[in-house]
Amino acid sequence: MKLRLNISLLVLFFAITGFFCFAEDERPVVDASKVPVEKIANRALPAFHIVGDSTVRSGGAGAGLWGWGERITPFFNTNKINVVNHAIGGRSARTYYTEGRWSKVAATIKPGDFVIIQFGHNDGGRIGDPAVKNRADGPGIGDEIVEDTKPDGSKEQVHTFGWYMAQFVTEAQARGATVILCSPIPHKQRWETGRDFASFAQWDQEVARAQGALYFDLTMVITDAYKKAGRDKVSTFFADKGTHTSDAGAQFNAACVIAGLKTLNGNLLGAYFSPKGLAIAPYVPTPTKNP
């Protein structure tokens with residue numbers, strides 16, 4: 001009886017915190033060998049590096065799936081800054097790091113660059129569960145390690161979500177970059193009645209605070225914008241069951257990223273925005289209604 005109660009409480013905890021994966025793990029994991037690291041157009045200019053998963057770059061995928069990183073360039077003046085999208089579909093913070101993709105990206109970072117990082121959509125679930133394709137990392141930001149046995153029999157020491165995010169931050173900062181962490185875009189099913197990705201937002205914020213990085217809550221920037229747009233409009237922003245955005249949704253979310261960026265350190269990227277970017281107002285949280 002006590003065991004059943006403990007399991008029930010654990011399930012309730014994961015449900016409340018949002019650490020369960022949505023039932024969409026039939027989504028393909030993009031073959032990284034077929035996605036070259038994007039070249040920087042003008043090395044004399046600073047770069048705005050974008051790191052994330054398929055909600056940041058989906059590449060159309062034959063089903064009209066697009067990520068906000070693929071639609072954010074028009075908001076920047078590319079005569080002043082390079083916009084470089086390094087996101088890969090199907091990645092968690094763990095796999096982006098362990099597969100070596102991050103090391104390739106880090107090699108392109110130079111002093112004066114900016115790096116924005118968004119993970120969370122593929123980081124939940126139970127370590128060792130085949131359904132999550134060896135992407136799950138541990139909850140929290142601590143130094144805890146869990147051993148995962150991979151399909152080929154090899155062992156991997158899996159760290160917490162925050163541990164991987166901290167590696168990104170410290171390695172980019174060591175190369176002279178300004179690092180910005182943002183929480184994930186919300187699911188179609190989770191923006192109307194509550195908040196999505198509460199735990200990941202908290203961990204991102206804690207890592208940013210501990211490592212001297214910047215942070216904004218993209219989940220809530222978009223959630224508040226969705227509420228203003230309304231359900232009918234938002235329904236056109238998704239191209240699947242509720243994770244990936246359409247072209248219209250990607251453009252909408254890209255504008256929300258700009259609104260979030262404008263809240264950081266007196267609009268530190270303001271000098272690099274195009275007229276389209278300058279026209280976006282900084283995000284202002286919706287006041288909480290008293291009961």
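**Exercise 1. Get a first feel for the chain: how much area is exposed, and what share do carbon and sulfur atoms supply?**

Solution. The chain exposes about 13,400 Å². Carbon and sulfur atoms supply 57% of that area. Keep in mind that you're looking at a predicted model. Next, count the pieces: there are nine helices and seven strands. Then check what's tucked away: of the 291 residues, 53% count as buried. Finally, look at how the chain folds back on itself. Take the contacts between residues at least 6 apart in sequence, and you'll find that 70% of them join residues at least 24 apart.

**Exercise 2. Work out the order of the strands in the open sheet of five strands, and find which ones stand at the edges.**

Solution. Start with the order, which is S2-S1-S3-S6-S7, with parallel pairing. Now walk to the two ends: S2 (82–85) and S7 each have a single partner strand, so one side of each has no neighbour in the sheet. How much are the strands turned against each other? On average, neighbouring strands differ by 20°, direction ignored.

Now go through some of the pairs:

- S1 and S2 run parallel and are joined by four bridges; Ile50 sits opposite Asn85 in S2.
- S3 and S6 also run parallel, with four bridges between them; here Ile116 faces Ile180 of S6.
- S6 and S7 are parallel too, joined by three bridges; this time Ile180 stands opposite Leu214 in S7.

Last step: follow the chain from S6 to S7. It passes through helix H5 (residues 198–211), and this β-α-β crossover is right-handed.

**Exercise 3. Explain why S6 can be called largely enclosed by the rest of the structure.**

Solution. Look at its residues, counting a residue as buried when its relative accessible area is under 20%. Four of the five residues of S6 pass that test, so the rest of the structure largely encloses this strand. Then look at what lies over the sheet: helix H8 lies across S1, S3, S6 and S7, running at about 130° to S7.

**Exercise 4. Find the largest nonpolar core and say which element gives the largest share of it.**

Solution. This core has 39 residues, and those with the most contacts inside it are Phe48, Ile72, Phe76 and Leu261. Next, see where the residues come from: the elements giving two or more are strands S1 (47–52), S3 (114–118), S6 (178–182) and S7 (214–216), plus helices H6 (218–229) and H8 (247–261). H8 gives the largest share, seven residues.

Now zoom in on Phe76. Leaving out residues up to four places away in sequence, Phe76 touches Phe48, Ile81, Val83, Ile258, Leu261, Leu269, Tyr272, Phe273 and Ser274. There's also a second, separate core of 34 residues, which includes Val132, Tyr164, Trp203 and Tyr215.

**Exercise 5. Decide whether Asp148 is buried or exposed, and list what it touches.**

Solution. First locate Asp148: you'll find it in strand S4 (residues 146–149). Its relative accessibility is 2%, so Asp148 counts as buried. Then list its contacts, again skipping residues up to four places away in sequence: Arg94, Ile127, Gly128, Asn134, Ser154, Lys155, Glu156 and Val158. To finish, try a distance: Asp148 and Ala136 are 12 residues apart in sequence, and their C-alpha atoms are 9.8 Å apart in space.

Notes
Residues numbered from 1 in each chain as written. Predicted model: local features only at pLDDT ≥ 70, side-chain atom pairs only at ≥ 80, totals over all residues. Heavy atoms only, no water. Core = buried A, V, L, I, M, F, W, Y, C linked by side-chain atoms within 4.5 Å. Buried < 20%, exposed > 50% of the residue type's maximum accessible area, 1.4 Å probe, protein only. Contact = heavy atoms within 4.5 Å. Pairing = 2+ DSSP bridges. Right-handed = clockwise from strand over helix to strand, strands pointing away. Axes fitted to C-alpha atoms, helices over the stretch in contact; angles between N-to-C directions. Areas by Shrake-Rupley, 256 points an atom, 1.4 Å probe, with all protein chains shown as cover.
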